[in-house]
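Reader: Could you take me through one part of this model in detail, starting from a single loop residue and working outward to the sheet and the helix packing around it? Please state the cut-offs behind each term as you go.

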Amino acid sequence: MLSIKKYAAIDIGSNAVRLLISNIIEQKGKPVQFKKNSLVRVPIRLGSDVFITNKISKENTQRIIDTMLAFKLLMKSHKVVKYKACATSAMRESVNGKQVVNLVLESSGISIDIIEGEEEAAIIAATDLNSYIDPSKTYLYVDVGGGSTEFTVIHEGNSVASKSFKIGTVRLLNDMVSKEAWQELEQWIKQYCKGYDKISVLGSGGNINKIFKVSGKALGKPLTYFYLTSYYNLLQSYSYEERITELDLNQDRADVIIPAMRIYLSAMKWSGAKNIFVPKIGLADGIIKSIYYDTVSSNTQ
């Protein structure tokens with residue numbers, strides 16, 4: 001007996017807002033499959049408001065409302081049976097975040113959970129990475145966002161340590177990350193990675209996905225520290241306009257990609273990793289899994 005249902009995850013980040021619709025495929029006697037059906041990304045960049053003024057502007061409040069109304073219609077058209085919306089760094093730090101959440105609920109009926117950095121890290125870490133990793137090896141998982149970056153050390157398939165740091169691409173663009181924050185991150189990575197001989201980085205986030213696509217590497221093959229460094233230097237040799245016109249980057253990607261690479265390269269350097277794998281998963285995938293497993297556990301109680 002085959003059952004296919006559609007679940008949706010809404011990820012309201014500091015740089016972009018995403019709607020991921022996935023097929024949940026259940027077949028008796030076989031493990032459940034999660035298959036991406038559709039992904040819509042809207043670059044609202046809430047962090048540019050919040051990290052400077054501490055609040056979400058009127059214009060971006062309206063854009064969030066319009067986006068959620070559009071997402072609601074898309075979910076209806078797709079016949080989505082369950083969804084969950086999570087907001088991260090920018091929304092949790094804004095003084096009017098709860099007010100915006102209430103306005104969205106009133107206008108679209110979509111309920112948004114504002115989640116803490118640690119919960120964000122836990123949702124991402126709970127994503128089934130086993131199909132992407134070698135369970136006998138050690139990895140540093142790095143999920144770079146606009147407002148924060150989540151780090152998880154995974155040894156033999158288990159999460160050893162996990163932490164969220166307020167170092168993100170939009171924050172870095174606005175020069176809002178202190179030297180102390182970088183030092184704290186360096187110490188954390190070195191502390192939790194020092195006991196392992198060989199570590200690889202697992203990178204997630206829109207920027208590393210784009211870099212991986214540009215590299216032309218086959219899925220499952222890693223990018224090297226050398227490749228990342230040379231691409232980083234190449235990007236810096238172009239102006240913002242040239243990155244759009246000559247390197248074919250979207251305007252909302254052409255600026256944040258450089259600070260994102262700085263985070264990945266720092267993580268590789270401090271962990272001693274020579275390779276970075278790009279499994280193309282993130283918070284939205286974790287949200288889909290959490291909806292499914294919450295449903296399964298409540299049905300068995």
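**From a loop to the sheet**

Author: Ser14 lies in the loop between β1 (2-12) and β2 (17-27), where strands (E, at least two residues) and helices (H or I, at least four) are DSSP runs numbered from the N terminus. The model is predicted, so that local features need pLDDT of at least 70 and side-chain atom pairs count only at pLDDT 80 or more, while totals for chains, interfaces and linings use all residues. Residues are numbered from 1 along each chain as its sequence is written, and side-chain values use heavy atoms, with hydrogens and water left out.

Because its relative accessibility is 3%, Ser14 counts as buried (under 20% relative accessible area, with a 1.4 Å probe and protein chains only). Leaving aside residues up to four places away in sequence, Ser14 touches Arg45, Leu46, Gly47, Phe51, Thr88, Ser89, Ala90, Gly146, Gly147 and Val170, contact meaning heavy atoms within 4.5 Å.

The two strands that flank this loop, β1 and β2, belong to an open sheet of five strands with mixed pairing, in the order β3-β2-β1-β4-β5; two strands pair if DSSP finds at least two bridges between them. The edges are held by β3 (33-42) and β5 (112-114), each of which has a single partner strand, so one side of each is left without a neighbour in the sheet. On average, and with direction ignored, neighbouring strands are turned by 20 degrees against each other. β1 and β2 run antiparallel and are joined by 11 bridges, and Lys6 stands opposite Asn23 in β2. Helix α2 packs on this sheet, where it touches β1, β2, β3 and β4 (82-87), and its direction makes about 20 degrees with that of β2.

α2 (residues 58-78) also packs with helix α4 (residues 97-108), at an angle of about 40 degrees and with the axes 10 Å apart. That angle makes α2 oblique to α4, a label for whatever is not under 35 degrees, over 145 or from 65 to 115; axes are lines fitted to C-alpha atoms, for helices over the stretch in contact, and angles between N-to-C directions run from 0 to 180 degrees. On the α2 side the contact is made by Thr61, Ile64, Ile65, Met68, Leu69 and Lys72, and on the α4 side by Val100, Leu103, Val104, Ser107 and Ser108. By class, the residues of this contact are seven nonpolar, three polar and one charged, where Ala, Val, Leu, Ile, Met, Phe, Trp, Tyr, Cys and Pro count as nonpolar, Asp, Glu, Lys and Arg as charged, and the others, Gly among them, as polar.

Definitions and conventions
Buried means under 20% relative accessible area, exposed over 50%, partly exposed in between (1.4 Å probe, protein chains only).
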